[in-house]
Amino acid sequence: MTRKPGWPLFLAWLLAYLILDLLFEYAFRGHLSWSQLPESLAGSIFAAILTWLFALRKWSRSDSIF
């Protein structure tokens with residue numbers, strides 16, 4: 001990786017995980033409810049943070065080789 005992971009990566013994965021979470025909820029329960037949105041958002045934020053941290057780790061390792 002040549003650039004340090006930043007906000008665009010975090011926000012892209014946040015949106016992707018939120019959409020996936022809502023799609024899975026609809027597939028398993030058959031409906032969407034507004035009361036599930038905070039839980040979906042919290043899970044998406046957690047997953048996006050983990051993804052960003054793994055990207056940051058990969059970036060720091062590729063930078064430290066040279």
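Two residues are taken to be in contact when they have heavy atoms within 4.5 Å of each other. By that yardstick, 66% of the contacts in the chain with a separation of 6 or more link residues 24 or more positions apart. All of this comes from a predicted model.

As for the overall build, the chain has 2 helices and 0 strands. Its radius of gyration comes out at 15 Å, well over the 11 Å that the globule rule gives for 66 residues, so the chain is more spread out than a compact globule. The box filled by the C-alpha atoms tells its own story, at roughly 50 × 15 × 15 Å along the principal axes.

Next comes the surface. Buried residues account for 18% of the 66 residues in the chain. About 5,400 Å² is exposed, and carbon and sulfur atoms supply 71% of that area. On the charge side, the chain carries 6 positive and 4 negative charges, and the mean positions of the two sets lie 14 Å apart.

One residue worth a closer look is S44, which sits in helix α2, the stretch covering residues 37-64. Is S44 buried or exposed? With a relative accessible area of 1%, S44 falls under the 20% cut-off and therefore counts as buried. Which residues does S44 touch, once its neighbours within four places in sequence are set aside? The contacts are L14, Y17, L18 and D21. With L18 there is also a specific atom to point to: the side chain of S44 reaches the backbone nitrogen of L18 at 3.2 Å.

Technical notes:
Residues are numbered from 1 along each chain as its sequence is written. This is a predicted model: local features need pLDDT of at least 70, side-chain atom pairs count only at pLDDT 80 or more; totals for chains, interfaces and linings use all residues. Side-chain values use heavy atoms; hydrogens and water are left out. Helices (H or I, at least four residues) and strands (E, at least two) are DSSP runs, numbered from the N terminus. The radius of gyration is taken over C-alpha atoms; the globule rule is 2.2 Å times the number of residues to the power 0.38. Buried means under 20% relative accessible area, exposed over 50%, partly exposed in between (1.4 Å probe, protein chains only). Accessible areas come from the Shrake-Rupley method with a 1.4 Å probe; for residues, only the protein chains shown count as cover. Lys and Arg count as positive and Asp and Glu as negative; His and the chain ends are not counted. The place of a charge is taken as NZ of Lys, CZ of Arg, CG of Asp or CD of Glu. A polar contact is a pair of N or O atoms within 3.5 Å; within protein, one must be able to donate a hydrogen and the other to accept it, and residues adjacent in sequence count only if both atoms are side-chain atoms.
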